[in-house]
Amino acid sequence: GEYGGVAGAVEEQLFDSEVEEEVETDRGQLDSSLGSGLGDSEGSFLVAVGEAPGYAAIHAPSDYIPAEEALEPPDGHLLLEHAYGFSGWARGNLLLTSTGELVYPTACLCVIANVRGRSASQRFFAGHTAPVCALALHPSGALVASAQGGTSPYSCVWNVGTSQTLATMPGMHSSAIVALAFSADGRLLASVGLDAAHTLALYDWEAQTMLAAASCGPELVCGCAFASDGSLATCGAGHLTLWTLVARYAEDDDGRVEAMALIGRSADLSQLRAPSILLCVAFTPRGACATGMASGELLLWENGSLTRSVRAQSGAVHALALLGGSLLCAGRATKVGVWSDELDQLGSYDLRAALDSLQDAWGKPLGASTASLSVRTLVMDAGGRIFVGTRASELFELIVNNGGGGEMLNALFVSKNSIFGRGAPVRSLRG
């Protein structure tokens with residue numbers, strides 16, 4: 001229901017049964033996050049397994065007689081050692097920090113995973129009470145913003161090294177927060193909600209103060225990104241808007257006072273084939289706006305006007321990532337594409353061939369499902385490692401060779417079906 005009028009348009013745009021199933025899965029995941037919380041009724045508690053939380057009631061045995069000491073809390077404490085799962089249904093839910101660690105959500109947790117070497121360790125940020133729906137990396141690479149669903153969602157900014165909360169921004173959004181972005185100078189944090197108006201809020205996060213808010217409109221918003229000049233873009237269903245923060249003045253009893261406002265200017269979408277679903281957005285170093293389409297096109301915009309369109313892949317473009325002057329593009333296709341900031345193709349990496357080479361602990365192929373080939377998020381480091389998160393809640397590491405091809409070295413994490421059903425991955429995050 002939260003997708004509103006865009007549901008039919010998305011299904012028409014993506015025109016095959018497998019992608020329709022993908023859209024339905026996304027809708028279900030978002031709907032479940034809206035109602036997820038902790039302890040909403042006495043006698044029940046939240047059980048979080050992977051990225052799919054559910055409720056279960058625990059009752060005492062009928063012949064149970066509590067001892068007097070049973071009313072006292074135990075002396076011991078449980079410490080979380082390892083978390084299985086990856087919330088692969090959301091876009092942009094994978095970050096690579098300045099220390100080379102991965103950050104990703106599973107249920108209400110943010111996992112900080114050290115994946116260097118042949119073994120891996122985890123730390124955690126546990127500042128959320130509902131499933132984490134969005135992440136953003138501070139320009140320093142040392143801070144992360146995370147946001148949750150639930151009926152009272154909020155976003156946090158926290159230190160990756162210490163897992164300590166630095167700021168909390170509650171109260172503005174009434175439904176799940178589905179997109180986050182830091183400004184280029186790291187001072188501002190933008191968030192977009194899944195409410196009917198798809199509210200955009202802009203914060204001075206260090207002061208924990210909201211500077212301005214605006215409505216993005218009734219249709220689904222899929223992403224947001226800042227340009228280096230401080231302007232902001234939001235994209236979604238029939239939607240690409242460029243926002244600017246401006247000062248406005250009003251009179252009160254003490255004289256003129258200053259207030260801030262977000263002013264939006266819609267891009268010209270008239271050249272796009274309707275219905276136009278823009279799933280992801282990023283700004284190139286020179287300030288051009290790049291967007292990925294549900295129909296497989298990669299678009300380049302200058303001052304709100306379309307300057308170039310290329311057919312990037314056969315399926316929807318869900319993920320864009322910048323590395324230097326290059327743009328990585330992935331989605332529902334068998335390849336990860338590499339493009340210049342002018343949208344000239346520089347190369348590609350074959351995801352299917354790499355996945356087909358993976359074997360479990362018994363030497364049997366893990367296999368590449370349709371969901372495995374639907375990339376929702378990707379990041380790349382300077383050493384040539386591409387980390388890919390898929391709709392199947394799998395996380396892979398792709399090692400890029402000098403010849404322009406790719407080789408899948410490790411399955412960093414696979415979904416619970418793979419772990420408990422088809423056997424162990426080549427290398428899990430547990431090592």
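# Close-up views of a predicted model

**View 1. Cysteines without partners.** The structure holds 0 disulfides, and since this is a predicted model, the statement refers to the modelled coordinates. The sulfur of Cys108 has its closest cysteine sulfur in Cys133, at 9.6 Å, which is too far for a bond. Cys108 counts as buried, with a relative accessibility of 12%. Cys329 likewise takes part in no disulfide, and the nearest cysteine sulfur, belonging to Cys280, is 7.1 Å away. Because a disulfide requires two cysteine sulfur atoms within 2.5 Å, the distance of 7.1 Å between the sulfurs of Cys329 and Cys280 does not qualify. Cys329 counts as buried, at 1% relative accessibility.

**View 2. The salt bridge between Glu101 and Arg123.** A search of the whole structure finds 9 salt bridges, and one of them joins Glu101 to Arg123, with the closest N and O atoms 2.8 Å apart. Glu101 sits in the loop that runs between strand S3 (95-96) and strand S4 (102-106), while Arg123 belongs to strand S6 (residues 121-125), so the pair ties together parts that are 22 residues apart in sequence. Glu101 is buried, its relative accessible area being 10%, whereas Arg123 is partly exposed, with a relative accessible area of 28%.

**View 3. The salt bridge between Arg286 and Asp341, and its network.** The closest N and O atoms of Arg286 and Asp341 are 4.0 Å apart, and the two residues form a salt bridge. Arg286 is found in the loop between strand S19 (278-283) and strand S20 (289-293), and Asp341 in the loop between strand S25 (335-340) and strand S26 (345-350), so this pair ties together parts that are 55 residues apart in sequence. Arg286 counts as partly exposed, at 37% relative accessibility, and Asp341 also counts as partly exposed, at 22%. Through salt bridges that share partners, Arg286, Glu302, Asp341 and Glu342 are joined into one network.

**View 4. The salt bridge between Arg385 and Asp381.** The side chains of Arg385 and Asp381 meet in a salt bridge with an N to O distance of 3.0 Å. Both partners of this pair, Arg385 and Asp381, are buried.

**View 5. The open sheet of strands S23 to S26.** Four strands make up an open sheet, arranged in the order S23-S24-S25-S26 with antiparallel pairing. Strand S23 (317-323) and S26 form the edges, each of them pairing on one side only. From one strand to the next, the twist averages 20°. Strands S25 and S26, which run antiparallel, are joined by 5 bridges, and Gly337 has Ser348 in S26 as its bridge partner. The loop between S25 and S26 is also where Asp341, the salt-bridge partner of Arg286 in View 3, is located.

**View 6. The hairpin of strands S21 and S22.** Strand S21 (residues 297-302) and strand S22 (residues 305-311) pair in the antiparallel sense, with 6 bridges between them. Within this pairing, Leu298 stands opposite Val310 in S22. The hairpin has 2 residues between its strands, and Asn303 takes a positive phi near 55° there. Strand S21 spans residues 297-302, and Glu302 is one of the residues in the salt-bridge network of View 3.

Terms used:
Residues are numbered from 1 along each chain as its sequence is written. This is a predicted model: local features need pLDDT of at least 70, side-chain atom pairs count only at pLDDT 80 or more; totals for chains, interfaces and linings use all residues. Side-chain values use heavy atoms; hydrogens and water are left out. Buried means under 20% relative accessible area, exposed over 50%, partly exposed in between (1.4 Å probe, protein chains only). Two strands pair if DSSP finds at least two bridges between them. Axes are lines fitted to C-alpha atoms, for helices over the stretch in contact, and angles run from 0 to 180 degrees between N-to-C directions.
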